[in-house]
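Trainee: I am new to this one. Can we go through it by asking why each label is used?

Mentor: Yes. Here it is.

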Amino acid sequence: MKTVLIPTDFSEKSLQLIKNAVLHYPEESIKLVLATGYKTSTVNCYTKSKLISIISDKQFHNLLSDIKLEHGSKISNVKIDLYTGKTNEDFKSFLETHRIEAAIIPKNKLTQFPNNKCFNICDLIHSFSPNVSRVDYESDENTSQKRSVFQKLKAQFS
Amino acid sequence: MKIKNKITFIFVILVASMQLVIFSIIYFYAVDYRTDEFFEKLKKRTLIAEQSNFEKDALSVEIYEELRRKHLQTLPEEKEFIFPTNTTLENICLKTQMDVPHAFYLNLINKNHAEYNAGKHFISGINYKDQDSNYLIILTANDDDGTNELSNLRTLLIFLFLLNIVVLLLLGRFFAKRTLDPLTKIIEKVNNIRVTNLHERLQTTPNKDELSQLANTFNGMLDRLETSFEIQSNFINNASHELKNPLTAILGQTEIALLKDRSPEEYTKVLEGVETEALRLDALINSLLKFAQTENDEKGLLITPIRLDELILEVKSNIDLINPDNHIEIDFNDFPENPDLLVVEGNYSLINIALNNVLDNASKFSDNKKVTVKIVTNTSAIKIVVTDQGVGIPTDEIKNIYQPFYRAANVRNVKGYGFGLPLTYKIMKLHSGTIEVFSEHKIGTIVTLIFPNKHQKSSISK
């Protein structure tokens with residue numbers, strides 16, 4: 001079993017990277033870690049799981065469930081996490097904590113982050129993760145427009 | 001009638017109607033005010049006349065006369081009449097030379113005061129009652145000033161009304177033209193777009209008004225038209241190319257064979273070569289016909305419930321016969337507990353062809369590496385997911401895969417006609433389903449056939 005790190009911006013489009021992971025590791029089952037960077041203040045009353053539920057929408061989770069089902073025998077587990085560190089050492093520690101063995105990152109940047117506290121970790125992954133594969137990716141600009149105003153506000157004020 | 005003229009016309013009618021109402025109210029209010037004012041004047045004079053005629057005190061009579069002479073301007077045609085109470089209406093009419101109505105007379109007798117006017121002629125009267133006698137004091141006068149003022153007001157209002165209509169016409173036309181100018185430009189631009197300049201687009205603005213939406217809609221339509229033209233052009237190019245190849249091979253072989261006399265074995269070899277190419281041509285034309293039939297035979301298809309797991313097994317066994325080296329594996333994990341969820345409504349042979357194309361491609365383009373087939377269901381759809389480890393499709397070529405005869409650059413050396421996916425796409429569309437292709441060049445491809453859940457109404461023509 002391989003643990004593969006996949007960056008996400010919580011858009012439905014970003015979940016296509018999971019399909020890339022499925023294609024890249026055809027002979028073994030994979031454990032996925034979907035992660036995004038998140039700037040936290042010193043005082044934060046939310047747990048990570050609560051934050052994730054706030055900044056990700058229902059469509060994202062529905063599509064994730066569909067993809068997990070479609071490749072159920074390949075994908076043994078999917079974990080969503082927020083990287084909240086500030087230094088390179090923090091990121092290395094994050095990789096070690098999750099025992100990351102490989103990573104899939106897009107050639108183009110992820111752009112559909114739900115709020116400005118989220119940040120792209122593709123460069124960090126590229127620098128520090130083992131076995132990084134870069135894949136073609138075109139972000140869907142319309143996806144951000146599809147997010148409801150309420151969702152955006154909720155994510156922004158989280 | 002042009003929209004520009006229609007807008008101007010409606011604008012003028014609306015504003016002119018409102019003005020007409022306002023001007024009428026002003027005029028009739030002025031008439032009413034002027035009439036009341038003149039009746040008030042007449043009434044005062046009637047009362048003074050009563051005082052001056054019937055006051056017993058001679059000093060008071062003099063004062064009233066003085067008052068009337070000094071302070072009250074004589075009204076045009078002002079006449080004063082005093083009648084005994086028993087005077088008949090006819091006599092009053094005769095004396096005053098006015099056609100006084102019976103209502104005036106009754107009011108005068110019963111209510112002691114009456115007023116009446118006909119045009120500019122006014123009449124006012126009071127019924128004076130004394131201990132000794134009763135008299136009717138009547139004053140008549142013409143309101144020449146009022147009539148002139150009202151006439152001037154009427155002329156002024158009519159002039160303003162006509163002037164406003166002219167101004168409204170000019171303004172309405174100007175604004176209608178200005179509003180519809182972008183529409184005219186759109187019409188001119190769209191009229192100038194031909195096959196040769198189909199790449200041109202209408203200018204759009206960031207505004208979200210209707211005209212901008214119209215321009216965007218036209219641009220969308222032009223995008224689709226341009227794509228259709230490209231597809232058609234590619235189809236003709238590819239079809240010509242594919243049809244020409246076997247013909248060239250046949251002609252080449254026969255030409256070489258006819259250069260000199262040959263042995264029967266050599267002729268047999270040539271004929272075999274010709275037969276191979278002719279069979280290829282036949283297969284190609286059959287594919288073309290099948291493709292065309294799918295397009296035309298939407299009606300009259302035999303629709304039956306199909307269990308997808310059974311169909312997959314049948315297609316797999318067919319492929320096993322043709323290509324025994326294939327490594328197609330059916331993933332039975334996550335199979336729905338309810339077998340009804342594996343059933344779709346559709347035409348068995350067409351769905352068989354569609355699935356056969358997908359599995360055959362997966363094996364063919366992965367050089368018989370492992371291909372995984374899996375059925376998953378959810379409330380809205382039943383999906384067949386086929387994952388292979390093949391050559392994949394270059395990202396910039398994915399958009400062309402549903403074009404007949406189109407073959408990606410990396411598979412031109414693999415036998416095929418470029419019909420599999422376009423035919424599958426049409427079959428899925430025919431069954432209200434879709435096909436999704438996710439591919440990474442040199443890594444593999446995931447093809448997902450998505451059928452609507454059978455609990456939802458199928459839109460297939462039965």
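**Sheet, cavity and pocket**

Mentor: Strand 3 of chain B and strand 4 of chain B form a hairpin, with four residues between them. Keep in mind that this is a predicted model.

Trainee: What makes strand 3 and strand 4 of chain B a pair?

Mentor: Two strands count as paired with at least two bridges between them. Strand 3 (residues 121-129) and strand 4 (residues 134-142) of chain B have nine bridges, so they are a pair, in the antiparallel sense. One bridge joins B:His121 to B:Asn142 in strand 4 of chain B. In addition, B:Ile126 stands opposite B:Ile137 in strand 4 of chain B.

Trainee: How do you know that strand 2 and strand 3 of chain B pair?

Mentor: Use that cut-off of at least two bridges again. Strand 2 and strand 3 of chain B have six bridges, so they pair, again antiparallel. Among the partners are B:Ala114 and B:Gly125, the latter in strand 3 of chain B. These two strands form a hairpin with two residues between them. In its turn, B:Gly119 has a positive phi of about 65°.

Trainee: Why is the sheet called open, and which strands are its edges?

Mentor: Four strands of chain B lie in the order 1-4-3-2, with antiparallel pairing. Strand 1 (79-84) and strand 2 (113-118) of chain B each pair on one side only, and these are the edge strands. On average, neighbouring strands are turned by 15° against each other, direction ignored.

Trainee: What packs on this sheet?

Mentor: Helix 3 (residues 89-96) of chain B does. This helix touches strand 1, strand 3 and strand 4 of chain B. Its direction makes about 155° with that of strand 1 of chain B.

Trainee: Why is strand 3 of chain B called mostly covered?

Mentor: Buried means under 20% relative accessible area. Seven of the nine residues in strand 3 of chain B are buried, so the strand is mostly covered.

Trainee: How many cavities of 30 Å³ or more are there in the whole structure?

Mentor: The search finds two. The second largest has a volume of about 40 Å³.

Trainee: What makes that space a cavity?

Mentor: A 1.4 Å probe fits in a cavity but cannot get out. The second largest cavity is lined by residues of two chains, including A:Asp66, A:Leu69 and A:Glu70 as well as B:Val376 and B:Lys383. Helix 3 (58-70) of chain A, strand 8 (370-377) of chain B and strand 9 (381-388) of chain B each give two or more residues. The largest share, three residues, comes from helix 3 of chain A. By class, the lining has three nonpolar, two polar and three charged residues.

Trainee: What lines the largest pocket?

Mentor: Its lining has 42 residues. B:Asn357, B:Asp360, B:Asn361, B:Lys364 and B:Gly420 lie nearest the centre. The space in this pocket is about 1200 Å³. A pocket is an open set, whereas a cavity is one the probe cannot leave.

Trainee: Which element gives the most to that lining?

Mentor: Helix 9 of chain B, with nine residues. Other elements of chain B that give two or more include helix 7 (264-296), helix 10 (420-430) and strand 11 (444-452). The lining divides into 21 nonpolar, 14 polar and seven charged residues.

Methods
Residues are numbered from 1 along each chain as its sequence is written. Chains are lettered from A and ligands numbered from 1 in the order in which they are written. This is a predicted model: local features need pLDDT of at least 70, side-chain atom pairs count only at pLDDT 80 or more; totals for chains, interfaces and linings use all residues. Side-chain values use heavy atoms; hydrogens and water are left out. On a 1 Å grid over the protein atoms alone, a cavity is a set of points where a 1.4 Å probe fits but cannot get out, and a pocket is an open set with protein on both sides within 12 Å along at least five of seven lines; lining residues have an atom within 4 Å of a point. Grid points are joined across faces, edges and corners, and a volume is the space filled by probe spheres set on the points. Ala, Val, Leu, Ile, Met, Phe, Trp, Tyr, Cys and Pro count as nonpolar, Asp, Glu, Lys and Arg as charged, and the others, Gly among them, as polar. Axes are lines fitted to C-alpha atoms, for helices over the stretch in contact, and angles run from 0 to 180 degrees between N-to-C directions. Contact means heavy atoms within 4.5 Å. Buried means under 20% relative accessible area, exposed over 50%, partly exposed in between (1.4 Å probe, protein chains only).
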